[in-house]
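Hello,

Here is the structure I said I would pass on. My notes on the ligand site and on one helix pair follow.

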Amino acid sequence: MRVVVTGGAGFLGSHLCDRLVESGVEVICVDNFFTGTRRNVAHLMGHLNFELIRHDITFPLYLEADRIFNLACPASPVQYQFDPVQTTKTSVHGSINMLGLAKRVKARILQASTSEVYGDPEQHPQTESYWGRVNPIGIRSCYDEGKRCAETLFFDYHRQHGLGIKVVRIFNTYGPRMHLDDGRVVSNFIVQALRGQDLTIYGDGNQTRSFCYVEDTVEAILRMMDTESGFLGPVNIGNPDEFTILELAQAILRITGSKSKIVFAPLPQDDPRQRQPDIALAERKLDWSPKVGLEEGLGKTISYFRTLLA
Ligand SMILES: NC(=O)c1ccc[n+]([C@@H]2O[C@H](COP(=O)([O-])OP(=O)(O)OC[C@H]3O[C@@H](n4cnc5c(N)ncnc54)[C@H](O)[C@@H]3O)[C@@H](O)[C@H]2O)c1
């Protein structure tokens, strides 16, 4: 079994590579290192089942594979807004290239989609049947609409070419190997707390998020890839436990023992008020639900950042 992981040197991708290498399959990690780093997969280098290729998926790729996990795409607003045209290209051209590859070699292919396809939702929690409320011309659109178009492409390749596809919609995931300074709320707060800086909350802090620990997310992605061919998704992957941003900041201050203060700044454009997955489908189809609670997950993530900052 040969498995391709695009975006494999990123946060989620590197944990997925770990699990795949552990399981004994051959792994080809494809990454252009835009937001990923070799450091994330350094421990896998030299492993007989692991290969790393520098490649931008907006260009075609030719290799043999049985399965493709398509994770390549910057995932935090700071990074995907840095070069929004390239972000859309990664989702759209990148998906076309990876779907083309899957079609040629008859591989099964999974798309890492996102809860952002729901935009600023009117339905709470979000089920997979909800079509979303997305601004097509805002500063987040390169990511949201790119991912929506990628889902369309996946389903059209399935309908038109009979390709074996799987689509997961991932909600906020956190854990070791998150970027130090990409502005995502968990890493932001942890780094600020560990450096003794003020924790910045955008808005009043009453907006809610649900946070899934990386091990749980990766387990669900692997289970989805293995489901029977008739089940395509999309399926929500996330932790339904909901916390306000203020509660998250307070938990991080408590666990780190930091003396940092909480300060408030204006909310950025199109920032969703609430985001919570309905995971009934994942529970039913993948026999999966998250196992790691926020305190435990934050503890492991904080240890990682402590080491990194030291
Ligand atoms: N982490 C989350 O909370 C979350 C939530 C929803 C969806 N996702 C999705 O999961 C995937 C992985 O996210 P992540 O959090 O690990 O982000 P990440 O930025 O750590 O990983 C993305 C990886 O893709 C690579 N990449 C970007 N553009 C590329 C291109 N054109 N060609 C080749 N490689 C490219 C980057 O270098 C990086 O290694 C993304 O598709 C993201 O949209 C993540």
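**Ligand site**

Lys 147 places a polar side-chain atom 2.7 Å from an oxygen atom of the ligand (a polar contact is a pair of N or O atoms within 3.5 Å). The model is predicted: local features need pLDDT of at least 70 and side-chain atom pairs pLDDT 80 or more, while totals for chains, interfaces and linings use all residues. Residues are numbered from 1 along each chain as its sequence is written, and side-chain values use heavy atoms, without hydrogens and water.

Two backbone contacts also involve ligand oxygen: a backbone N or O atom of Gly 10 at 3.0 Å, and a polar backbone atom of Thr 173 at 2.8 Å. The protein covers 98% of the 820 Å² of accessible area that the ligand has on its own (Shrake-Rupley method, 1.4 Å probe).

There are 32 residues around the ligand (a heavy atom within 4 Å); Leu 12, Asp 31, Thr 35, Tyr 143 and Lys 147 come nearest. By class, the shell has 15 nonpolar, 13 polar and four charged residues (Asp, Glu, Lys and Arg count as charged, and Gly as polar). β5 (108-114) is one of the elements that supply at least two residues, and β5 gives the most, with three (strands are DSSP E runs of at least two residues, helices H or I runs of at least four).

**Helix pair**

The axes of α1 (residues 11-23) and α6 (residues 214-225) come within 10 Å and cross at roughly 65 degrees (lines fitted to C-alpha atoms over the stretch in contact, angles from 0 to 180 degrees between N-to-C directions). Their contact has eight nonpolar, two polar and two charged residues (heavy atoms within 4.5 Å).

Regards

Key:
Polar contact = N/O pair within 3.5 Å; in protein donor to acceptor, adjacent residues only side chain to side chain.
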